[in-house]
Amino acid sequence: MKIAVIGTGYVGLVSGVCFSEIGNEVICVDNNPIKVEMLERGEVPIYEPGLDELIIKNKAAGRLSFTFDINSAVQNSDLVLLAVGTPAQPNGEADLRFIKQAAIDIAQAMNGSKIIATKSTVPVGTNELVSGLISSNSIHSFTVASIPEFLREGSAIYDTLNPNRIVIGSNDSETLQILRELHLPLTSNIITTDLRSAEMIKYASNAFLATKISFINEIANICERVGADVTRVAEGMGYDHRIGSSFLQAGIGYGGSCFPKDTNALIQIADNVDYNFKLLKSVVEVNKEQKYIVIRKLQAELGSLFQKKIAIWGLAFKPNTDDIRDAPAIEIIQELINQGAEIQAYDPVATQNFMNEVNNTSIIWCNSAIEAAEKSDAICLLTEWNEFSEVNLEYLGAIMNQRVIIDGRNLLDPTKMKDNLFNYHSIGRPNSI
Ligand code: NAD
């Protein structure tokens, strides 16, 4: 199939590359010329394992190209995928500015019949809005569809090529059939629905996963107070197939570009139809508070944090990505600075993005976990990068000012920490208060 992908971010770029990998002709469009120029030069603007090799391979095979020119991309395609951002507005509602602009741009570029499918996460009713915008700006026939995206950053290529399900929503049966055939090489588990249900499936899925995280975090907080171990509790719960073991890792809460924004957007979607989504409001509230546990544990160990040197291990919202959007590290570091702490921060790939977002000259940016830990009074582990569990503990203890580690992701082994004389605190495990 000939496909144009509008928006070459985490979703658009990975989707475009993977559709080319399974034999389609894909043109990726972005209105950010810097991104397009980078991609044309063979540079990848985001960190995503395996992405660069697939770009090189499919560009060389002539199935994948990048452009700034939406007109030629739309005119040379049968299917147009919308993958632009839908950030949160201050009230939590999804900002549809980019979707609306892209819909108008597509309409004005159209030269014949097209399928316009939205991969961006959009509130229920948005595809109907897109349809309205296109019909008032184009004389050509078209159909719309919703194909919500479920990839996880850090394993986006694997997730896209091996999805556990594909959801396709459209009110047109021929469109459903064409899009079903497009996805069949990836999986036979394809759920076809009406437009509104597809849009809702995405929000309901993310809200449910966020609920699991806040739930296990509250269980962890109780475990600390009653002397239970949340990792054993989660293990014991997870074997029950009705519960499942994923998303039961206690920690400092969820971040990233999706869960915080999508939970707030769903609360707004409900509010707009006079429904008070009490459960989800609590999930969001629990998540907001959970990250401050790191600060409380630090204070319990060090007292005042004024002029204390704190090493931050991990800035990205999760490992294997350089995405720092809504990462817990942003608020935690800000609060530490407010309390007068001196920050030495390290992340394997996300430092540059973090520096662009949190432009604070007092932070010392380090090139390794060890460099960040040098002469520090404590380490706060905020992202569970594997390399943090491989650090030589004897050496680490020797270079720190005080042997204090607050492990916000339960990555490290408490027994090893104890054996190496660290004051080690994690989330919801014994000796964790
Ligand atoms: P992103 O911000 O990384 O990328 C969006 C891209 O769209 C940017 O490069 C931007 O320059 C471009 N763009 C905006 N307006 C444009 C226009 N008119 N024409 C051409 N390009 C335009 O966003 P993302 O993380 O890829 O997310 C995209 C959507 O997918 C969002 O709705 C998000 O909620 C959803 N989603 C994201 C993920 C994820 O893990 N990142 C997962 C599932 C769903």
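**Domains.** I started with the domain assignment, which splits the protein into domain 1 (2-193), domain 2 (202-288) and domain 3 (291-425). I'm noting early that this is a predicted model. Next I looked up how far apart domain 1 and domain 2 sit: their C-alpha centres are 29 Å apart. Their contact uses 11 residues from domain 1 and 10 residues from domain 2. On the domain 1 side of that contact I found seven nonpolar residues, three polar and one charged.

**Two helices.** Then I checked helix H5 (residues 97-109) against helix H6 (residues 126-135). Their axes come within 8 Å and cross at roughly 35°, and the crossing is right-handed. Which residues in H5 and H6 meet? From H5 I wrote down Ile99, Lys100, Ala103, Ile104, Ile106 and Ala107, and from H6 Thr126, Val130, Leu133 and Ile134. By type, the residues of this contact are eight nonpolar, one polar and one charged.

**The sheet.** I moved on to an open sheet of six strands, ordered S11-S10-S9-S12-S13-S14, with parallel pairing. Why do S11 and S14 each have one side without a neighbour in the sheet? Strand S11 (364-365) and strand S14 (423-425) stand at the edges with a single partner strand each, so one side stays free of a neighbour. A reminder to myself: strands of a sheet pair through backbone hydrogen bonds.

I zoomed in on one pair: strand S9 (residues 309-313) runs parallel to strand S12 (residues 378-381), and four bridges join them. Ala311 stands opposite Ile379 in S12.

**Across the sheet.** Last, I looked at helix H14 (residues 328-338). H14 lies across S9, strand S10 (342-346) and S12, and runs at about 155° to S10.

Terms used: Residues numbered from 1 in each chain as written. Predicted model: local features only at pLDDT ≥ 70, side-chain atom pairs only at ≥ 80, totals over all residues. Domains from an automatic or database assignment. Contact = placed C-beta atoms within 7 Å. Nonpolar A, V, L, I, M, F, W, Y, C, P; charged D, E, K, R; others polar. Axes fitted to C-alpha atoms, helices over the stretch in contact; angles between N-to-C directions. Left-handed = near helix turned anticlockwise from the far one by under 90°. Pairing = 2+ DSSP bridges.
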